[in-house]
Amino acid sequence: MDPASLPEQLSVVNEQVLNSSSRSVTAAVSLRRFLCYGSESATYSTKECALGIENALALMQFIEGGRGCEVVDEIRRLNLEGHAVRRNPSLFALAVCSQHADCKTRQAALRVLKELCRTPVQLFTFVQYKKELKQGSGMWGRALRRAVTDWYNSQDGMSLARTVTKCKHRAGWSHQDLLRLSHMKPTNDTVAVVCKYITKGWKGVQETYGDKENSDDVQKVFAYLEAMEKAKHSTDEQELIHLIEEQRLEKEQILTNHLKSKEVWKALLKEMPMAVLLKHLGKLTANKVLAAGSPDVAAVCERIQDESALKKAKTHPFNILVASENYKRGHGKRSKLKWEPDGDIVQALDCAFCKNCDSFCLQIVEPTGKRFLVAVDISSSLSSVTHGSSISTVAVAAAMCLVIAQTEPDAQIVVYSEGSILPCAVSSDMTFMQVAAQLIKTPGGSTDCALPITWASENDKTVDVFIILTNNQTLGRENPADTLKTYRQKSGVFSKLIVCGLIANSLSIADPEDRGMLDICGFDSQAVDVIRNFALDVI
């Protein structure tokens with residue numbers, strides 16, 4: 001559902017223009033914001049809010065207006081194109097559509113279920129949303145049973161075996177619940193083995209397939225599940241390590257008691273997913289699994305810097321930055337865990353961030369073609385901790401400046417405090433540390449978040465998107481939203497304004513009726529994607 005192709009008006013009360021060129025917030029924009037980050041408002045927060053009908057009014061307008069199938073198409077499009085930075089709002093909207101009175105809307109929603117629910121967690125979440133929306137009444141009709149059955153039957157046996165043993169339950173649901181309630185009937189032998197394992201356990205699999213002559217594919221799944229059972233009950237460390245290496249078992253499939261062994265962790269390291277590895281670098285160093293100068297450290301450093309591995313894992317450069325800053329800190333955020341950061345790992349993380357940032361910008365993010373002005377507030381120290389990311393605000397500001405500099409050919413970066421604004425020489429060939437050094441100026445005065453817009457106006461700078469980064473809770477005497485409107489009138493450009501309150505729990509700068517304004521509370525990797533969506537008129 002391309003926004004530009006939508007009909008001009010909703011067939012409901014309070015008709016609104018839906019084309020993307022409108023400067024006011026339309027129903028279509030509100031819907032896309034909800035699907036993107038879970039709120040119809042002009043505020044993205046790193047803290048996710050609860051989802052409910054009461055904060056999805058545009059969604060309900062479209063559905064009640066007889067346009068439920070278009071909503072389903074839009075849910076699918078935003079997810080497949082990568083614009084939905086959070087998955088749960090889409091799952092909630094899909095659940096709403098799947099039980100609407102209109103038969104075509106229900107069918108359309110359940111038809112895309114297996115395409116949008118890629119993991120058991122997402123499937124369980126969708127089912128739980130349906131339960132909450134039904135408020136206790138029966139929901140397991142024929143259509144839902146068929147959709148859940150299709151989810152399981154659409155996977156090959158080995159993939160399903162890995163999936164269901166890594167995530168057995170979530171959101172109050174288990175695979176056993178879903179198979180029982182959907183009256184699941186496997187359509188191939190390998191899926192049948194996994195379903196038997198879910199419903200009857202390993203004993204049931206042995207009784208059915210143990211003494212039988214099975215196909216190679218069934219035998220493979222049988223051997224994998226057998227390895228899982230052995231891993232659960234093994235008291236022999238070497239046997240467990242052999243099972244991990246032979247069947248590529250992952251951390252989630254190993255009992256907590258077995259994770260006390262350094263050798264078990266070393267075995268897991270070889271095939272550990274990138275996100276899990278980055279998350280546990282501190283723990284692995286503290287527990288001496290990664291000992292200074294060891295082959296294991298060398299192997300980890302090589303993996304972290306492998307551009308193809310980072311790209312395959314879809315590792316966002318901001319997540320590498322968070323991992324790097326957390327590792328350098330030498331202790332957990334809330335736990336008592338402490339470690340001495342390994343110099344080689346620190347260097348590898350810094351190198352990985354720069355490499356991944358280059359790769360991310362060149363191969364994944366196409367330039368928007370917009371004229372950007374990024375303004376960093378230095379009226380107070382940038383050493384505060386960013387809300388939602390647990391790293392310093394200067395690290396976030398430097399990363400954002402670097403991403404913009406590498407992505408956008410027409411971008412200017414400045415630093416400002418009350419009464420003064422200075423151009424900041426940030427180029428695409430600079431390192432993260434060089435950019436951070438440029439931003440660490442002597443702080444002074446009080447903040448004035450309208451100053452960058454005033455400066456652009458006075459110096460005849462044409463700007464499509466203003467991005468203002470501040471770690472102050474108070475934003476100055478002038479209202480940036482009013483200053484932006486004055487700038488628009490003078491320049492003749494419908495400029496957009498994004499204010500990032502890096503330590504803020506809430507912001508109320510953006511005019512809720514103005515499509516060209518957005519507040520961001522805190523900062524995380526998803527905020528980078530929200531900014532891009534906003535600049536490109538997606539939301």
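**Exercise 1. A salt bridge in helix 14**

Determine which residue forms a salt bridge with Glu263, and state where the two residues lie.

*Solution.* Step 1: in this predicted model, the partner of Glu263 is Lys266, and the closest N and O atoms of the pair are 3.8 Å apart. Step 2: a salt bridge requires a side-chain nitrogen of Lys or Arg within 4 Å of a carboxyl oxygen of Asp or Glu. Step 3: both Glu263 and Lys266 belong to helix 14 (residues 262–269), where they are three residues apart, about one turn of the helix. Step 4: Glu263 has 35% relative accessibility and therefore counts as partly exposed. Lys266, with 25% relative accessibility, also counts as partly exposed.

**Exercise 2. A salt bridge in helix 19**

For the salt bridge between Glu325 and Lys328, establish whether each residue is buried or partly exposed.

*Solution.* Step 1: the closest N and O atoms of Glu325 and Lys328 are 3.6 Å apart. Step 2: the two residues lie in helix 19 (residues 317–329), three residues apart, about one turn of the helix. Step 3: the cut-off for a buried residue is under 20% relative accessible area. Step 4: Glu325 has 19% relative accessibility, so Glu325 counts as buried. Step 5: Lys328 has a relative accessible area of 29% and is therefore partly exposed.

**Exercise 3. A salt bridge between distant parts of the chain**

Identify the elements that hold Lys485 and Asp511, and describe the pair.

*Solution.* Step 1: Lys485 and Asp511 form a salt bridge whose closest N and O atoms are 2.9 Å apart. Step 2: this pair links distant parts of the chain, since Lys485 sits in helix 24 (residues 480–491), whereas Asp511 sits in the loop between strand 8 (496–501) and strand 9 (517–521), 26 residues apart. Step 3: Lys485 is partly exposed, its relative accessible area being 30%. Asp511 is likewise partly exposed, at 22%.

**Exercise 4. Salt bridges in the whole structure**

State how many salt bridges the structure holds, and which residues are linked in a network of salt bridges.

*Solution.* Step 1: the total is 19 salt bridges. Step 2: a network of salt bridges links Arg32, Glu74, Arg77 and Glu81. Step 3: for the charges of the chain as a whole, 64 are positive and 63 negative, and their mean positions are 5 Å apart.

**Exercise 5. The surroundings of Thr46**

Locate Thr46 and list the residues that Thr46 touches, not counting residues up to four places away in sequence.

*Solution.* Step 1: Thr46 is found in the loop between strand 1 (43–45) and helix 2 (57–64). Step 2: with 16% relative accessibility, Thr46 counts as buried. Step 3: beyond the excluded sequence neighbours, Thr46 touches Arg86, His387, Gly388, Cys521, Gly522, Phe523 and Asp524.

**Exercise 6. The overall fold**

Explain why the radius of gyration of the chain agrees with that of a compact globule, and describe the chain as a whole.

*Solution.* Step 1: a compact globule of 539 residues would have a radius of gyration near 24 Å; the chain has 26 Å, which agrees. Step 2: along the principal axes, the C-alpha atoms fill a box of roughly 85 × 65 × 35 Å. Step 3: the chain contains 25 helices and nine strands. Step 4: buried residues account for 54% of the 539 residues. Step 5: of the contacts with a separation of 6 or more, 68% join residues 24 or more positions apart. Step 6: the accessible surface of the chain is about 24500 Å², and carbon and sulfur atoms contribute 48% of this area.

How values were computed:
Residues numbered from 1 in each chain as written. Predicted model: local features only at pLDDT ≥ 70, side-chain atom pairs only at ≥ 80, totals over all residues. Heavy atoms only, no water. Helix = DSSP H or I, 4+ residues; strand = E, 2+ residues; numbered from the N terminus. Buried < 20%, exposed > 50% of the residue type's maximum accessible area, 1.4 Å probe, protein only. Rg over C-alpha atoms; globule rule 2.2 N^0.38 Å. Contact = heavy atoms within 4.5 Å. Areas by Shrake-Rupley, 256 points an atom, 1.4 Å probe, with all protein chains shown as cover. Lys, Arg positive; Asp, Glu negative; His and termini not counted. Charge placed at Lys NZ, Arg CZ, Asp CG, Glu CD.
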